[in-house]
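These notes record what I looked up on helix packing and aromatic side chains. I took the helices before the rings.

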Amino acid sequence: MLLEYIKQPWPWYISGPLIALVMYLLLKQGKDFGMSNNLRTMCTVLGAGKTSAFFRFDWKTQSWNLLVVLGTAIGGFIAHHFLSDGTASQINSKSVADLKELGIIDHLQGYLPESIFIFDGSLFQFLLLSIGGLLIGFGTRYAGGCSSGHAISGLSNFQLPSLIAVIGFFLGGIIMVHFLFPLIFA
C-alpha cells in the first residue's frame, strides 16, 4: 500500500512541507540551497582558478553542496526506475490542446513532450539549444543564482533580490510561452 502511494505523484501538501523541512535544516546549519553554485565549485575543482579570479575560492567549503547534487542524481534515478509507475502528473487539458495546436503531438506520458526535448541534429535546434543554454548560464550568473536557489532558499530568507529574480523568472516564462514559443514552433 505504501509503495503504491509513493509511486504516485505527491500532492503539494506532502512535498511542500518536505521542502520546508530541508530548508529549515539547511538554514540551521548556515547553508544556502541552490544548484548553480555547484557548477562554479566543479569548475574550481577542475582547475578553472588558474585562468579566472572568479573560480579562486576554497571549494571545500562547498563540498556539502556537491553531495546535494550527487543525492539529487541518485534520488532521481531511484525514483524513475524503482518508485514510479510511469505516469506523469495530470496535465491540464487546455495545455494538451495548446501543445497539439503547436504541432507537438506526443502521448504525453512523461513530464515533458519528447518531441521538444529529443535532439534531432538540425542546425536550428542546435542553435536554439546553444543560445538558450548561454542565456540561461549568463542569466544565472547575472542574477546571482538559479531559480531553485532564489525561489526556495532566497525567498525563505526574505531576500529582496531573490523576490525580484523570481518575478523575473515568471515574467520570462510568460513571455516565452505566449510569444516566443509559438514563433519557434510556427
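Entry 1. I began with helix α2 (residues 12-28) and helix α8, whose axes cross at roughly 60 degrees and come within 11 Å of each other. The model is a predicted one. I classed α2 as oblique to α8, because an angle of roughly 60 degrees falls outside the ranges under 35, over 145 and 65 to 115 degrees. For the handedness, I noted that α2 passes α8 in a right-handed crossing.

Entry 2. Which residues of α2 and α8 meet? On the α2 side I listed Ile19, Met23 and Leu27, and on the α8 side Ile152, Ser153 and Ser156.

Entry 3. I then followed α8 (residues 147-156) to its packing with helix α9 (residues 160-184). Here the axes lie 9 Å apart, and the angle is about 135 degrees. The relation of α8 to α9 is therefore oblique. I recorded the crossing of α8 past α9 as left-handed. From α8, the contact draws on Ser147, His150, Ala151, Gly154 and Leu155. From α9, I noted Pro161, Ser162, Leu163, Ala165, Val166 and Phe169.

Entry 4. I turned next to the rings. How many aromatic pairs does the structure hold? The count is three, and I examined two of them, including that of Trp12 and Tyr13. The centres of Trp12 and Tyr13 are 5.7 Å apart, with 85 degrees between the planes, and the pair is edge-to-face. I also looked up the accessibility of Trp12: its relative accessible area is 70%, and Trp12 is exposed, because exposed residues are those over 50%.

Entry 5. Phe54 and Phe55 form another pair, with ring centres 5.1 Å apart and planes at 75 degrees. I entered this pair as edge-to-face, because angles over 60 degrees are classed that way.

Entry 6. Is Phe55 buried or exposed? Its relative accessibility is 18%, and I entered Phe55 as buried, because the limit for that class is under 20%. Phe54, with a relative accessible area of 28%, is partly exposed.

Entry 7. Finally, I checked for a charged side chain over these rings. Arg40 lies over the face of Phe54, at 4.3 Å from the ring centre. I found Arg40 also over the face of Phe57, where the distance to the ring centre is 4.1 Å. I closed the entry with Phe54 noted both as a ring partner of Phe55 and as a ring under Arg40.

How values were computed
Residues are numbered from 1 along each chain as its sequence is written. This is a predicted model: local features need pLDDT of at least 70, side-chain atom pairs count only at pLDDT 80 or more; totals for chains, interfaces and linings use all residues. Side-chain values use heavy atoms; hydrogens and water are left out. Rings of Phe, Tyr and Trp (its six-membered ring) pair if their centres lie within 6.5 Å; planes under 30 degrees apart count as stacked, over 60 as edge-to-face and the rest as tilted. Buried means under 20% relative accessible area, exposed over 50%, partly exposed in between (1.4 Å probe, protein chains only). A charge sits over a ring if NZ of Lys or CZ of Arg is within 6 Å of the ring centre and within 35 degrees of the ring normal. Axes are lines fitted to C-alpha atoms, for helices over the stretch in contact, and angles run from 0 to 180 degrees between N-to-C directions. Helices (H or I, at least four residues) and strands (E, at least two) are DSSP runs, numbered from the N terminus. A crossing is left-handed if the near helix is turned anticlockwise from the far one by less than a right angle, and right-handed if clockwise. Contact means heavy atoms within 4.5 Å.
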